[in-house]
Amino acid sequence: PTSFEIISCGSPLKDISIKIIDSNNSELESGKIGEILVKGPAVVSNYYQKHTHLFDNWLKTGDLGFIHDDELYIIGRLKDLIIINGKNIAANDIEAKACAIPQLKLGRTVALSYMGKNKTEQIKIIAEVCETKKKKREEIKLQVCNELKSLIPLKPKDIYFVPPLLIKKTTSGKIKRYYIKHKFLTGRIK
């Protein structure tokens, strides 16, 4: 898909302020995507014996989003942003596009990145696929590469198929992206 429907979270409650900033901590205009900051009496400076990351009395949420017509739209997490050749791409955008291939399922496909040996960001796709025949698996990998070519440079060797239920989720249903990344980086996904 080239576009996604995003649902508004609504307007801020009374006495709560929200702003969006870029990577230089400059406030962005309406409609521009950046990190969401929150300020108000409901924002605490400590959370379970840890200091929160307040920036000039604003809480940096770690969420990416934008404001449009005074309503907040959340599109993902800052830590899930993948930067390739200077282009910012949300991991969930890569996953959604990859899942245009019928053998890949949303919520069972993970896009992750890490710093490679040559100091460049490397992208890998980890997907639960039931197909066991090697030739068919290679065909699926080529289809995924073709589907993603407008977003990211990817080769079949960058795609790993794993058995069903290997991709773990949180109790709220979110992919445990860093659990999968750790398994990959420690050689437990091949």
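Hi everyone, this is a short tour of one sheet, the helices that pack on it, and a single isoleucine. Please keep in mind that we are looking at a predicted model.

Let's begin with the sheet. It is open and has 3 strands, in the order β10-β11-β12, and the pairing is mixed. Which strands sit at the edges? Those are β10, residues 109–115, and β12, residues 159–162, and each of them pairs on one side only. Going from one strand to the next, the twist averages 25°.

As a reminder, strands in a sheet pair through backbone hydrogen bonds, and they can do so parallel or antiparallel. Here, β11, which covers residues 121–128, runs parallel to β12, and 4 bridges join the two. If you'd like a spot to find on screen, try I126, whose bridge partner in β12 is Y160.

Now for the helices. Helix α1, residues 91–98, packs on the sheet and touches β10 and β11. The direction of α1 makes about 135° with that of β10. Then there is helix α3, residues 177–185, which lies across β10, β11 and β12. Helix α3 runs at about 60° to β10.

Finally, let's visit I33, in the loop between β1 (17–21) and β2 (34–39). Is I33 buried, exposed or partly exposed? Its relative accessibility is 49%, so I33 counts as partly exposed, given that exposed means over 50%. What does I33 touch? Leaving aside neighbours within four places in sequence, its contacts are I20, L28, G65, F66 and I75. As for I18, that residue is 15 residues from I33 in sequence and 13 Å away in space, C-alpha to C-alpha.

Thanks for listening!

Definitions and conventions:
Residues are numbered from 1 along each chain as its sequence is written. This is a predicted model: local features need pLDDT of at least 70, side-chain atom pairs count only at pLDDT 80 or more; totals for chains, interfaces and linings use all residues. Side-chain values use heavy atoms; hydrogens and water are left out. Two strands pair if DSSP finds at least two bridges between them. Axes are lines fitted to C-alpha atoms, for helices over the stretch in contact, and angles run from 0 to 180 degrees between N-to-C directions. Contact means heavy atoms within 4.5 Å. Buried means under 20% relative accessible area, exposed over 50%, partly exposed in between (1.4 Å probe, protein chains only).
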